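Look at the structure below with its sheets, helices and charged pairs in mind. The paragraphs after it take these topics in turn.

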Amino acid sequence: MPVPSIFGSRDEKIVDPRSLLSSIGEVVYTWDIATDALDWGPNVAEVLGPVAPTVLVRGLAFAGLVEPGSGRSRYDAIHSAGAQDSGEGVTYRTRYAVDLAGRKMWIEDAGRWFAGMDGRPARARGVLRLERAVRPQELDVDHHDLCDRSAMVEHVEAALAEHLPAERGLVVLIGAIDELARLNDDFGHEATDEIIQEVQERLRSVMRRRDQLMRYSGNRFAILLAGCPAAQVEVAAQRFIKAVASSAIETSHGIALARLRLGAAIAPDFAREGGALVAAAESALAGAKAGAVDEAVIARRNVVRKSVGASAAHDLEAVTALNERRVRLALQPVVSAVTRSHVFSEALLRVERAQGQGFLATAELIPLLERRGLIRLFDHRVLELVMALLAEQPRLRLSVNVSPRSLADPEWLDAFLACTRGRSSEASRLIVEVTETATIADSARMVKLLTRIKEQGARVAIDDFGAGHTSLRHLRAFPIDILKLDGAFTQNLRRSTDDRFFVRTLLDLARHLEVETVAEWVDDDLQAAMLRDWGVTYLQGHLVGKAELWQSSPALVAPLSEAI
C-alpha cells in the first residue's frame with residue numbers, strides 16, 4: 001500500500017519507523033521455544049488488531065489461531081526443517097491463515113531459529129506479515145480427518161476414558177513429514193498438499209480397524225493405538241514409517257520421496273491425561289529429528305525429569321566456566337558492502353565446556369543468564385577480553401554486545417570506564433552495540449550513558465534496528481554512529497516487496513541521520529547486491545564469513561585503509 005515519505009525539512013513531522021512497519025502489516029517477534037514464551041514488537045496490536053492477550057504470550061496459543069489445513073504453523077516449519085544449527089541459526093518460512101477476532105487473514109511467517117544445548121530449536125526470531133483476507137472458497141474444502149490441536153487432544157481424552165478403565169493401554173503417535181519445507185520449495189504449495197494427502201492415505205492403509213488417524217496443524221498426524229503393548233510400539237511405528245517410504249509420490253509438479261518422523265507416548269506408563277500425553281509425544285517427535293528418521297522416539301519419564309533440572313545445571317556450568325576462565329571470543333567479520341574487504345569484527349561470547357567437550361549453545365545460554373541476573377558478569381568478562389585483544393592487535397577493530405540488563409546496572413558503566421580509561425588507542429577501535437529495545441526504558445538516561453561511552457573514544461551502534469521500538473524523536477537524540485538492520489527483514493529481500501521497501505526506507509533514514517549501516521543475516525549474493533545498490537555501508541552474515549574462535553587470524557584484521 002502507498003506509504004507517506006518520511007523525509008522533508010527538519011521542521012516537518014516525520015513518520016517513525018514503527019508506523020512504517022505497521023503500514024505494511026509487519027511485526028517482529030522473538031520466541032523462546034523451550035518456555036513457549038512469545039515476545040512481540042510494540043506494534044503488534046496495530047498489525048493484528050484486537051487479539052486476546054493470552055493468545056499472544058505463548059507460541060502454542062498463537063498456533064491455535066491457524067486455520068486447519070491452511071498451512072504449517074511456525075512450530076511445524078521450524079521442527080520439520082531437517083537442518084542443524086552450526087551456530088549461525090537456520091532459516092524457516094511458512095504461510096498459513098489465521099482467524100483474528102473474526103477476520104481470516106493469510107500470514108507469511110519467516111525468520112531464523114537457533115539451537116539450544118541439546119541441538120534442538122530453542123529460540124527463534126522472525127517477522128510476521130499480514131498478506132490479505134482469506135477468500136471463502138480457499139478454506140471451503142474437504143480435509144477428511146483434519147482437526148485442530150485442541151480437538152485432537154479431546155479425541156485423546158475420550159480414548160483414554162474408554163480404554164484405561166478397561167485396563168487397555170493407549171499409544172499416541174505424533175508424526176510429521178520430514179523436510180517438508182524443502183519439498184515445498186522444490187514443488188510448491190499445491191504439490192505439498194498432494195504429498196500430505198498421499199501420506200495420510202498410506203498411513204490409513206496399514207492401520208488396524210480400531211486405530212484412529214487425525215491430521216492437525218498442517219504437517220502433523222496423530223495416530224491412536226488402543227491395546228498396543230509397550231513392547232510392540234516400535235514395531236507399529238516401523239509399519240507406518242515403511243508405508244510412507246514405500247514408493248515415490250507422483251504429484252502434479254513432479255515425483256517426490258517422503259519420509260515420516262514419529263514420536264510416541266504411552267498411557268498409562270507415561271501419563272493418564274490427554275494434554276500431557278500429546279505434549280510428550282510432540283516432544284519425542286522433536287527428538288526424532290536429531291536421530292535417525294527411520295525409527296520412533298518414545299517419551300520416557302526419566303528424560304523429562306532430566307530436563308527439569310537442566311537450566312540449573314547450565315547455570316552452574318556457566319558460572320564454573322567463568323571462574324575457570326573458559327570464556328572465549330568468536331569473531332564474525334563485517335565487510336564493506338562495496339569492496340567486500342574486512343573492516344571490523346563482532347566479538348561474540350562463547351562458553352567452553354569442561355574437558356574440551358565443546359561449547360554451551362549461546363542462543364539458550366544468553367536468555368538463561370539474563371533471567372538469572374548473571375549476564376553482567378559475562379558482559380564484563382567479554383569486555384576485558386576484547387580490550388586485551390585490541391591491545392594485542394593494534395590494527396584490529398571490534399564491536400561488542402552489551403545486554404540491556406548490564407546497561408541498567410550502574411556498575412557496568414564504572415567497569416567500562418575503568419577498562420577504557422587511559423587506553424585511547426584501544427577505545428578508538430571499539431564499537432559498543434546496544435539493542436533497540438534497550439533504548440526505550442529510560443531514554444534520557446540512555447542518552448547520558450551512550451554519551452559517556454563516546455567520550456571514551458568508542459563508537460556506538462544500535463543492534464536489531466527496525467523492530468519499531470525506538471521513536472524517531474528519541475533516535476535523533478542518541479549519539480549513535482551505526483545502525484545494524486534487523487536480520488529478520490534483510491533475510492527475506494528476495495521474496496518480499498514489503499521488506500524491500502522497509503529496508504530501503506531504513507537506509508534512507510540512516511542517511512538522513514548521517515550514520516553508517518550494517519545489514520545482518522546476509523546469506524547470498526543477490527541479497528548483498530540489493531543492499532549495496534541501496535547504499536548499505538557494511539555486510540554481515542554467512543556470505544561474508546561465519547563466527548570463528550579467535551586464532552590470531554590476519555584475515556580478521558582490517559587494513560588501515562579501511563578504517564572507520
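Two strands are taken to pair if DSSP finds at least two bridges between them. Helices (H or I, at least four residues) and strands (E, at least two) are DSSP runs, numbered from the N terminus. This is a predicted model, in which local features need pLDDT of at least 70 and side-chain atom pairs count only at pLDDT 80 or more, while totals for chains, interfaces and linings use all residues. Residues are numbered from 1 along each chain as its sequence is written, and side-chain values use heavy atoms, with hydrogens and water left out.

The chain has 23 helices and 22 strands. Of its 564 residues, 55% are buried, where buried means under 20% relative accessible area, exposed over 50%, and partly exposed in between (1.4 Å probe, protein chains only). About 24100 Å² of the chain is exposed, and carbon and sulfur atoms supply 51% of that area; accessible areas come from the Shrake-Rupley method with a 1.4 Å probe, and for residues only the protein chains shown count as cover. A contact means heavy atoms within 4.5 Å. Among contacts between residues at least 6 apart in sequence, 68% join residues at least 24 apart.

One open sheet has six strands in the order β6-β8-β9-β7-β12-β13, with mixed pairing. Its edges are β6 (146–147) and β13 (297–298); each has a single partner strand, so one side of each is left without a neighbour in the sheet. Within this sheet, β7 (residues 170–177) and β12 (residues 260–267) run antiparallel and are joined by eight bridges. One position to look at is V172, whose bridge partner in β12 is A265. Helix α10 (residues 233–245) packs on the sheet, where it touches β7, β9, β12 and β13, and its direction makes about 155° with that of β12. Such angles run from 0 to 180 degrees between N-to-C directions, and axes are lines fitted to C-alpha atoms, for helices over the stretch in contact. Helix α9 (residues 189–205) lies across β7, β8 (212–216), β9 (220–226) and β12, and runs at about 165° to β8.

A five-stranded open sheet has the order β2-β1-β5-β4-β3, and its pairing is antiparallel. The edge strands, β2 (37–40) and β3 (90–100), each pair on one side only. From one strand to the next the twist averages 25°. Strands β4 and β5 run antiparallel and are joined by 10 bridges; in β5, A124 is the bridge partner of W113.

Charged pairs come next. Side chains of opposite charge can pair when their charged atoms come close. A salt bridge here is a side-chain nitrogen of Lys or Arg within 4 Å of a carboxyl oxygen of Asp or Glu, and the whole structure contains 30 of them. In one of these, the closest N and O atoms of R129 and E108 are 2.8 Å apart. This pair links distant parts of the chain, with R129 in strand β5 (residues 121–133) and E108 in strand β4 (residues 103–115), 21 residues apart. Both R129 and E108 are buried.

Which parts of the chain does the salt bridge between D409 and R376 tie together? The N to O distance in this pair is 3.4 Å. D409 lies in the loop between α16 (404–407) and α17 (410–420), and R376 in helix α15 (residues 375–392), so the pair ties together parts that are 33 residues apart in sequence. D409 is buried at 16% relative accessible area, whereas R376 is partly exposed at 37%. R376 also meets E411 in a salt bridge (3.5 Å, N to O). Because E411 lies in helix α17 and R376 in helix α15, this pair ties together parts 35 residues apart in sequence. Elsewhere, salt bridges that share partners join E26, R95, E108, R129, E131 and D498 into one network.

Two packed helices are described by the angle between their axes and the distance between the axes. The axes of α15 and α17 come within 11 Å and cross at roughly 10°. That makes α15 roughly parallel to α17, a description used for angles under 35 degrees, with over 145 roughly antiparallel, 65 to 115 roughly perpendicular and the rest oblique. Here R376, H380, L383, E384 and M387 in α15 meet E411, A415, F416, C419 and T420 in α17. T420, in helix α17, is buried at 2% relative accessibility. Leaving aside neighbours within four places in sequence, T420 is in contact with M387, A427 and Q456.
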